[in-house]
Structure formats: structure tokens, C-alpha cells
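The following paragraphs lead through the structure shown here, beginning with a helix pair and moving on to the nonpolar cores and some individual residues. The reader may wish to keep the sequence at hand.

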Amino acid sequence: MNLDLDFIISASLLIACIIPLYIYRRKIFPFIYKKGDIDLFLKDLKLHMMEIHPKFNYDYSIVEKTKDEKDIRIRETLIVENIVEQYFNFEYIKKTQKTIPSDKFWKGYEEHSKSSSKLPSDWPRRKELAYTRDEGKCNRCYRKIKIDDTYTSFAKNIENGGGYNFENIIILCSDCNKIINSTNPTSTIHNLALNEELMVFVKS
Ligand SMILES: [Zn+2]
């Protein structure tokens with residue numbers, strides 16, 4: 001009889017200890033649950049996309065479409081792939097850009113602005129001023145970029161008579177530069193830096 005009572009007390013104590021462990025399992029063992037939390041993954045992903053591409057309106061219907069996928073890592077990877085594909089597919093039309101105040105022009109500016117197959121000698125200065133004009137943001141995705149990571153394009157292509165004047169210079173990030181020059185969408189999408197950047201959310 002005593003043994004039975006001891007057993008009941010021990011079992012009750014054990015259960016009393018296990019219940020809080022179960023209730024607070026996500027807080028006590030975050031390293032296990034972090035990988036498996038789709039809501040947290042989505043929250044982080046959406047926040048990140050809003051921060052890096054503020055003007056793109058991503059469609060997250062892929063979340064519902066993948067709801068039967070049991071492996072959370074596969075599901076998250078499918079979501080990331082879909083977002084990268086949307087990023088690739090957003091329509092972009094190159095437009096004439098703003099100029100800069102003419103008092104910032106220098107001797108020879110007009111002359112060197114003419115269309116030519118060779119970049120003008122003052123090209124670094126032009127690129128830097130166009131970068132400042134656009135507040136260091138990519139013209140396609142509006143992502144903030146460093147001057148050293150900046151690519152350029154022209155509203156009117158140089159081959160078609162476009163010049164090196166400020167209105168014709170477009171500032172782009174590395175991925176958008178790949179996208180607008182893409183001849184093979186599948187390969188380009190695969191090679192975008194955004195892939196690796198977003199896969200960090202799946203791995204973490
Ligand atoms: Zn961009």
C-alpha cells in the first residue's frame with residue numbers, strides 16, 4: 001500500500017515537471033523549434049522583403065499552395081524559390097532619369113556626354129553623381145546599394161545613340177543588372193544573389 005502511494009506521488013511529481021516543459025517547450029528548446037516554425041519564417045521573410053524591396057508587392061499565395069508539404073524545410077525552400085521568381089518577373093521599363101543641377105557640370109561635360117562606344121574619361125564622376133542623385137538606390141528594386149556594388153545601364157542604349165548624360169544613366173543593383181540583361185531566365189534566376197540571401201531564413 002505504501003509502495004503504491006510512493007509510486008503515485010512520484011508519478012504525480014514527474015507529471016507536474018513534464019507539463020511545464022511541454023507548455024514552454026518552444027522557449028526551453030528554441031534550437032529544436034526554430035527550424036520548424038513556419039509562422040516565424042514567414043514573419044522574418046516578409047519583413048526582410050519589405051525592407052530590401054519596398055516597392056515590390058510580393059504575392060504569398062505560395063504559402064497556402066504548399067500547405068500539404070510535410071517537410072518544413074522543403075516547404076520553406078519552395079516559398080523562397082517562388083519569391084525569387086517573382087523578383088525576376090517584376091516588370092521594369094527603363095525610363096529617362098532626372099538630371100542634376102547644371103552648376104555641378106564641369107568643363108567638357110557636354111562634349112563627353114555624346115554617344116560613343118568607349119566610356120568617357122570622366123565616367124567614374126558621372127556614375128558617382130548619378131548614384132548620389134538616386135540616393136544610392138537601385139532604379140528597379142529600390143534596394144540600397146554601396147557605390148562599389150553599383151551597376152549602370154542606359155535609358156537609351158549607347159548602340160542606339162544614347163549618351164552619357166545624367167538623364168540617360170540608370171543605377172542598378174547586381175541582381176537587377178543580371179535580370180535586365182538576362183537571355184536565359186532559368187539560369188539567371190538560379191544565379192541571383194537573392195537566393196542565398198533568403199535561404200539563410202530556411203537554414204537558421
Ligand atoms: Zn535592384
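In this predicted model, helix α6, residues 72-89, and helix α11, residues 193-203, have axes that come within 10 Å and cross at roughly 150°. Because angles over 145 degrees count as roughly antiparallel, α6 is described as roughly antiparallel to α11. The crossing of these two helices is right-handed. On the side of α6, the contact is made by R73, E76, T77, V80, I83, V84 and Y87, and on the side of α11 by L194, N195, L198, M199 and V202. By residue class, the contact of α6 with α11 divides into eight nonpolar, two polar and two charged residues.

The two helices belong to a chain with eleven helices and two strands. Read from the N terminus on, the order of elements is α-α-α-α-α-α-α-α-β-β-α-α-α. Of the 204 residues of the chain, 15% count as buried. Among contacts with a separation of 6 or more, 65% are accounted for by residues 24 or more positions apart.

Which residues make up the largest nonpolar core? This core has eleven residues in all: A130, C138, C141, I145, I169, I170, I171, L172, C173, C176 and I179. Strand β2 (169-172) and helix α9 (174-180) each supply at least two of its residues, and β2 gives the most, with four residues. Apart from this core lies another, of nine residues, including L45, V80, Y87 and L198. Of these, V80 and Y87 of α6 and L198 of α11 also take part in the contact between the two helices. As a general point, nonpolar side chains in soluble globular proteins tend to be buried together.

Within the largest core, C173 may be taken as an example. Not counting residues up to four places away in sequence, C173 touches C138, C141, R143, I145 and D149. Among these partners, C138, C141 and I145 are themselves members of the largest core.

Y131 is found in helix α8, which comprises residues 123-133. Is Y131 buried or partly exposed? Y131 has 18 other C-beta atoms within 10 Å and is therefore partly exposed, since a buried residue needs 20 or more. Leaving aside its neighbours within four places in sequence, Y131 is in contact with G136, I147, T150 and I171. One of these partners, I171, belongs to the largest nonpolar core. I170, also a member of that core, is 39 residues from Y131 in sequence, and the C-alpha atoms of Y131 and I170 are 8.7 Å apart in space.

Two residues call for attention on account of their backbone. E135 has a positive phi of about 55° although it is not a glycine, and Y142, likewise not a glycine, has a positive phi of about 65°. E135 lies in the loop between α8 and β1 (151-154), and Y142 is found in the loop between α8 and β1 as well. With regard to burial, E135 is exposed because 9 other C-beta atoms lie within 10 Å, whereas Y142, with 17 C-beta neighbours inside 10 Å, counts as partly exposed.

Note on methods
Residues numbered from 1 in each chain as written. Predicted model: local features only at pLDDT ≥ 70, side-chain atom pairs only at ≥ 80, totals over all residues. Core = buried A, V, L, I, M, F, W, Y, C linked by C-beta atoms within 7 Å. Buried ≥ 20, exposed ≤ 12 C-beta atoms within 10 Å, placed from the backbone. Contact = placed C-beta atoms within 7 Å. Axes fitted to C-alpha atoms, helices over the stretch in contact; angles between N-to-C directions. Parallel < 35°, antiparallel > 145°, perpendicular 65-115°, else oblique. Left-handed = near helix turned anticlockwise from the far one by under 90°. Nonpolar A, V, L, I, M, F, W, Y, C, P; charged D, E, K, R; others polar.
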